[in-house]
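Trainee: Before we begin, could you take me through the reasoning behind the terms used for a model like this one?
Mentor: Gladly; let us look at it together and set each term against its rule.

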Amino acid sequence: MIVRGGTVVLPGAVPVPADIAVEDGVIAAIGPDLEPSGEDLDARGLHVLPGAVDAHVHFNEPGRADWEGWGSGTAALAAGGATACVEMPLNAHPPTVDGEAFDRKVEAALGSAKVDFALWGGLVPGPLDRLDELAERGVAGFKAFMCDTGIDDFDAVDDDQLGAGMERAAALGLPVAVHAERPAGLRPMDGGDWRAWVASRPPAAELAAIERAIELAEQAACALHVVHVSTGAGVAAVAAARERGADVTCETCPHYLALTEDDLERLGTLAKCAPPLRPAAECEALWEHLARGRIALVASDHSPCPRAMKAGGFAAAWGGIAGAETTVALLLSEGAARGLPLAPLADLVTGAPARRLRLPKGRLEAGAGADLALLELGGEQPLGEERLHDRHRANPFAGRPLRARVVRTLLRGRTVFHDGGVAPGAHGRLLTPHERIRA
Ligand SMILES: [Zn+2]
């Protein structure tokens with residue numbers, strides 16, 4: 001098959017029109033005017049990106065499939081231009097904290113996943129040899145919480161537990177990802193509205209946790225990844241550690257880049273998340289850092305729940321935003337509005353997460369799997385909630401005009417999304433770091 005005439009987006013290069021030859025699910029060649037071979041897929045007028053890699057999603061299955069599920073969650077990813085994800089150890093039950101739970105999650109995923117997947121293992125209080133079990137099975141890394149998780153089957157770690165876990169992870173050659181908010185910096189909610197929620201989780205709590213996590217990671221010589229950073233100071237702390245040679249990265253999410261705390265008045269608990277949405281100045285600071293290459297990757301932190309769990313005001317509602325389908329379109333759309341070049345923006349959701357977690361994804365080059373996202377850029381179309389594919393379609397970006405639209409997604413040469421529809425069948429495979437793939 002030849003993907004013909006699309007504008008190919010490669011990292012570090014100006015996007016140019018080219019053909020892509022695909023043989024047996026693998027990219028055979030990229031170049032101008034390739035010889036026809038079998039099917040021609042017309043990509044003229046479209047931009048061709050590597051399939052996106054969402055490094056942070058919660059699909060909650062087994063155990064809480066009514067919150068999301070592998071079938072619907074990965075359908076949303078495919079519709080959003082992603083061909084791989086890295087799924088979090090919570091809020092499935094059992095949480096992915098040992099080998100047996102890993103096996104149960106893979107069993108739930110295989111047969112329903114529309115895209116390839118890797119798993120984060122959980123670093124929680126308790127025996128550390130469970131990390132070895134998880135590493136043996138191929139987790140991409142270990143996720144820990146430095147504050148209460150909001151769910152009773154996944155506990156936070158204290159500094160000693162985090163430090164010990166980091167030492168073990170370093171010995172296993174895997175990164176630790178942290179949810180960074182310092183419990184001592186959090187305050188009880190004074191009231192039930194969005195202002196009370198925001199005030200209860202101040203930026204200083206995030207910064208203090210990031211600084212502590214960096215210290216512990218440097219002591220343990222462990223690779224650290226700080227998830228969903230919401231403030232400029234948080235990114236700056238990571239950047240400073242990198243400058244002195246620490247293996248520390250951070251991600252942010254579309255909701256911190258495209259929404260501010262003022263949107264909470266309109267959106268209500270639909271946009272409740274932790275850390276909370278921040279003032280516009282923080283959003284601007286994140287864009288500034290992003291433009292300067294200080295944010296390693298952008299991930300959705302797709303963390304949905306049944307709509308009923310968003311009721312009861314900001315104190316009671318589940319905290320989590322559902323955005324698996326909109327990460328790529330939002331980032332490219334908002335980034336274009338700010339005049340940022342396309343290739344580095346696209347890399348934040350494609351090659352960069354794959355490189356950070358050493359997954360065989362996110363590359364547009366001969367010999368790589370033919371994971372492609374074909375997008376229409378320009379124009380402006382509102383995001384229709386009815387078009388979404390996740391289980392509850394409760395996306396805070398609904399109605400927003402977007403300048404990027406995913407037209408087709410190919411997973412290893414096979415169309416998994418086209419023209420608004422997700423293809424039947426489930427061909428997702430388990431990915432493991434170091435380029436190993438298990439079917
Ligand atoms: Zn998360």
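The questions below concern a predicted model.

Trainee: What makes the protein chain as compact as a globular protein of its length?
Mentor: The secondary structure of the protein chain comes to 14 helices and 19 strands. Its radius of gyration is 20 Å, close to the 22 Å that the globule rule gives for 439 residues, so the chain is as compact as a globular protein of that length. Buried residues, those under 20% relative accessible area, make up 61% of the 439 residues.

Trainee: Why is helix α12 called largely enclosed by the rest of the structure?
Mentor: Helix α12 covers residues 327-337, and nine of its 11 residues are buried, so the helix counts as largely enclosed. The buried ones are T327, V328, A329, L330, L331, L332, S333, E334 and G335. Just after α12, G339 takes a positive phi of about 80°.

Trainee: How do you know that C253 and C273 are not bonded to each other?
Mentor: A disulfide needs the two cysteine sulfur atoms within 2.5 Å, whereas the sulfur of C253 is 7.8 Å from that of C273, its closest cysteine sulfur, and this is too far for a bond. C273 is likewise in no disulfide, and the count for the model comes to zero disulfides.

Trainee: Why are C253 and C273 both called buried?
Mentor: The cut-off is under 20% relative accessible area; C253 has 0% relative accessibility and therefore counts as buried, and C273, at 4%, therefore counts as buried too.

Technical notes
Residues are numbered from 1 along each chain as its sequence is written. This is a predicted model: local features need pLDDT of at least 70, side-chain atom pairs count only at pLDDT 80 or more; totals for chains, interfaces and linings use all residues. Side-chain values use heavy atoms; hydrogens and water are left out. Buried means under 20% relative accessible area, exposed over 50%, partly exposed in between (1.4 Å probe, protein chains only). Helices (H or I, at least four residues) and strands (E, at least two) are DSSP runs, numbered from the N terminus. The radius of gyration is taken over C-alpha atoms; the globule rule is 2.2 Å times the number of residues to the power 0.38.
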